[in-house]
Amino acid sequence: MTSAASRQAKGKLAVGKLALGTVQFGLAYGVTHGGGRVPESELRAILAKAKSAGIDTLDTAAAYGDAEDALGKVVAAQSFRIITKTQPFGPEDSSPADVARIEARFFRSLETLAVPAIESVLVHTIDDLLGAQGERLWHRMESWRSQGLVRRIGVSIYDSAGLNAVLARFVPGIVQLPLNVLDQRLLRDGSIARLARRGIAVHARSLFLQGLLLQHPGQCPAHLARLLPDLERWWARCADHGIPPLAAALRFGLECPEIEKIVVGVHTTAHLDAIISAAQTDAASLDWPSLAAQDSEALDPRRWPKA
């Protein structure tokens, strides 16, 4: 194989490791994004571009506003592997009726997405799985799998404490977790390697930290100022090595062999083009461990103060 062909093959493999996040299709999402949700015409163009580039997976959820409805209107969505997430129980104590409601919402998702079955379903809120109705919910998800409605069942987690609590009670086939150059907690503590050893698929989200890693530190929102020193160090390192932050952020995720898919969200075809191009770029590795932030609370968007 020629060097050019080898680079092309490597680029296709890199792009194939990406999954397209869809929260932007149903909600105005992202701390650095000031616009609304993606209009249908742009959604169609994004999906066509993703498919032609070799991206075969969509990551969605019942809680993503109208994202599932938007995808269901686009025939192209049926040619993707789809991962969705359960509807949360809610703030009150859960009951068997809540499990029935979640199951009804799952079947509605299949109908809305216009597909007979999907790739994976994740428990969106870990407390739902660890609470009083967790066992009942998991058994219902196992029944969906046995019926051939979903290939893998799993959970979305935020930290190792939550992961350990899940693994003590359940055997997921897939786990989605946060990972980026600043947030390396689950990489450094061995959680990701542990999942891989057990044959559990690992999907990474928040690779761009809601866009903060791609935005100049001078534009960091005031309410996230505690992250500013880490962002400044990150941008300085990229500049020192002559690597665009987008390419470097992607390279970090792509170099993790245990990661099956990296979920990336886009608002426009131009944004997707930039991600595809960056993923195919043979960017140099940086000293990743030295870029990890130490303030774990600052890395969790659930704990970010309101603007």
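A salt bridge is counted here wherever a side-chain nitrogen of Lys or Arg lies within 4 Å of a carboxyl oxygen of Asp or Glu. With that criterion, a search of the whole structure, which is a predicted model, finds 18 salt bridges.

**Stop one: helix 3**

Select Glu-40 and Arg-44, whose side chains meet in a salt bridge with an N to O distance of 3.0 Å. The two residues stand four apart in helix 3, which spans residues 40–53, so about one helical turn separates them. Glu-40 is partly exposed at 39% relative accessibility, and Arg-44 is likewise partly exposed at 38%.

Stay on helix 3 and add Lys-49 together with Asp-273, a salt-bridged pair with its closest N and O atoms 3.2 Å apart. This pair links distant parts of the chain, since Lys-49 belongs to helix 3 while Asp-273 belongs to helix 13 (residues 269–280), 224 residues apart. Lys-49 has a relative accessibility of 31% and counts as partly exposed, as does Asp-273 with 34%.

**Stop two: strands 4 and 5**

Now select Glu-119 and Arg-152, which form a salt bridge whose closest N and O atoms are 3.2 Å apart. Here too distant parts of the chain are linked, with Glu-119 in strand 4 (residues 118–123) and Arg-152 in strand 5 (residues 150–156), 33 residues apart. Are these two partners buried or exposed? Glu-119 is buried at 11% relative accessibility, and Arg-152 is buried at 12%, because buried is taken to mean under 20% relative accessible area. Extend the selection to Arg-151 and Glu-260, and you have the four residues that salt bridges with shared partners join into one network, namely Glu-119, Arg-151, Arg-152 and Glu-260.

Move along strand 4 to Ser-120, a buried residue with a relative accessible area of 0%. When residues up to four places away in sequence are not counted, Ser-120 touches Ile-82, Ile-83, Thr-84, Val-150, Arg-152 and Ile-174. To place Ser-120 against another part of the chain, draw a distance to Ala-292: the two C-alpha atoms are separated by 30 Å, and the residues are 172 apart along the chain.

**Stop three: the cavity**

Thr-84, a contact of Ser-120, is also one of the residues that line the largest cavity. The whole lining to select is Thr-84, Lys-85, Thr-86, Gln-87, Ile-102, Arg-105, Phe-106 and Ser-109. The elements that give two or more residues to this lining are strand 3 (81–85) and helix 5 (96–113), and helix 5 gives the most, with four residues. Coloured by class, the lining shows two nonpolar, four polar and two charged residues. The space inside comes to about 40 Å³, and the count of cavities of 30 Å³ or more is one.

**Stop four: the nonpolar core**

The largest nonpolar core holds 95 residues, and those that touch the most other members are Leu-20, Phe-25, Leu-47, Leu-177, Trp-234 and Leu-250. Select helix 12 (residues 245–254) to see where the largest share of this core, seven residues, comes from.

Centre next on Leu-177 and show its contacts, again not counting residues up to four places away in sequence: these are Ile-157, Leu-186, Ile-192, Leu-195, Val-202, His-203, Ala-204 and Arg-205.

Then go to Ala-77, in the loop between helix 4 (67–72) and strand 3. Although this residue sits in a loop, Ala-77 is buried, with a relative accessible area of 1%. Leaving aside neighbours within four places in sequence, Ala-77 is in contact with Leu-47, Leu-58, Leu-71 and Ile-82. The C-alpha atom of Ala-77 is separated by 11 Å from that of Leu-20, a residue 57 places apart from it along the chain.

**Stop five: two backbone angles**

Most residues other than glycine have a negative phi. Which loop holds Ala-114? Look between helix 5 and strand 4, where Ala-114, although not a glycine, has a positive phi of about 60°. Ala-114 is partly exposed, at 36% relative accessibility.

Finish at Gln-210, in the loop between strand 7 (201–205) and helix 11 (228–241). Gln-210 also has a positive phi, near 55°, in a residue other than glycine.

Methods
Residues numbered from 1 in each chain as written. Predicted model: local features only at pLDDT ≥ 70, side-chain atom pairs only at ≥ 80, totals over all residues. Heavy atoms only, no water. 1 Å grid on protein atoms, 1.4 Å probe; cavity = no way out; pocket = protein on both sides within 12 Å on 5 of 7 lines; lining within 4 Å. Points joined across faces, edges and corners; volume = space filled by probe spheres on them. Nonpolar A, V, L, I, M, F, W, Y, C, P; charged D, E, K, R; others polar. Buried < 20%, exposed > 50% of the residue type's maximum accessible area, 1.4 Å probe, protein only. Core = buried A, V, L, I, M, F, W, Y, C linked by side-chain atoms within 4.5 Å. Contact = heavy atoms within 4.5 Å.
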